[in-house]
Amino acid sequence: MKSVFLDYKDINLGDLSWEPLERLCEFEAYVDSTPEEAKERCADADIVLTKAVRC
């Protein structure tokens, strides 16, 4: 299973660990994503986390 976080810029200021999510599944986190990047990054994801970016 693959999950992506498209825009963690204002959520993780360096004090959170992605390790629990990385243990559960293939996990990728991006500081920000343009609409084009979001579409590409969501394409094969089973779970998408986002604060404001739409895919």
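Lys and Arg are counted here as positive and Asp and Glu as negative, whereas His and the chain ends are left out of the count. On that basis the chain carries 7 positive and 13 negative side chains, and the centres of the two sets lie 5 Å apart. The model shown is a predicted one.

**The whole chain**

Begin with the complete chain in a cartoon representation. Two kinds of element will appear: 2 helices and 3 strands. Followed from the N terminus, these elements are arranged in the order β-α-β-α-β. Along its principal axes, the C-alpha trace spans about 25 × 25 × 10 Å. The radius of gyration is 11 Å, which agrees with the value near 10 Å that a compact globule of 55 residues would have.

Next, display the surface. Its accessible area comes to about 3900 Å², and carbon and sulfur atoms account for 51% of it. Of the 55 residues, 31% count as buried. Among the contacts with a separation of 6 or more, 60% are made by residues 24 or more positions apart.

**Strand 1: Lys-2 and Phe-5**

Select strand 1, which covers residues 2-5 and includes Lys-2. Is Lys-2 buried or exposed? Lys-2 is buried, since its relative accessible area is 11%, and the cut-off for burial is under 20%. To see what surrounds this side chain, add Glu-26, Glu-28, Asp-44, Ala-45, Asp-46 and Ile-47, with which Lys-2 is in contact once neighbours within four places in sequence are set aside.

Move along the strand to Phe-5, which also has its place in strand 1. Phe-5 counts as buried, at 8% relative accessibility. Beyond its neighbours within four places in sequence, Phe-5 has contacts that include Ile-11, Trp-18, Phe-27 and Leu-49. Glu-28, Ala-29, Tyr-30, Thr-50 and Lys-51 are also among the contacts of Phe-5. For a distance reading, pick the C-alpha atoms of Phe-5 and Ser-17: these residues are 12 positions apart along the chain, and the atoms are separated by 13 Å.

**The loop at Tyr-30**

From Phe-5, go to its contact partner Tyr-30. Tyr-30 is placed in the loop between strand 2 (26-29) and helix 2 (35-42). Which residues does Tyr-30 contact, leaving aside its neighbours within four places in sequence? They are Phe-5, Leu-6, Asp-7, Tyr-8 and Arg-41. A second selection, Gly-14, lies 16 residues from Tyr-30 in sequence and 13 Å from it in space, C-alpha to C-alpha.

**Helix 1 and Cys-25**

Now select helix 1, residues 19-24, in which Leu-24 is found. Leu-24 counts as exposed, at 70% relative accessibility. Extend the view to Ala-38, which is 14 residues from Leu-24 along the chain; their C-alpha atoms are separated by 22 Å.

Cys-25 is the next stop. Cys-25 is buried, with a relative accessible area of 13%. Why does Cys-25 form no bond with Cys-42? The sulfur of Cys-42 is the closest cysteine sulfur to that of Cys-25, but the two are 14 Å apart, which is too far for a bond. A pair of cysteine sulfur atoms must lie within 2.5 Å to be called a disulfide, and the count for this model is 0 disulfides.

**The segment after strand 3**

Finish at Arg-54, in the segment that follows strand 3 (47-49). Arg-54 is exposed, with a relative accessible area of 74%. Add Glu-36 to the selection: Arg-54 and Glu-36 are 18 residues apart in sequence, and their C-alpha atoms are 10.0 Å apart in space.

Technical notes: Residues numbered from 1 in each chain as written. Predicted model: local features only at pLDDT ≥ 70, side-chain atom pairs only at ≥ 80, totals over all residues. Heavy atoms only, no water. Helix = DSSP H or I, 4+ residues; strand = E, 2+ residues; numbered from the N terminus. Rg over C-alpha atoms; globule rule 2.2 N^0.38 Å. Buried < 20%, exposed > 50% of the residue type's maximum accessible area, 1.4 Å probe, protein only. Contact = heavy atoms within 4.5 Å. Areas by Shrake-Rupley, 256 points an atom, 1.4 Å probe, with all protein chains shown as cover. Charge placed at Lys NZ, Arg CZ, Asp CG, Glu CD.
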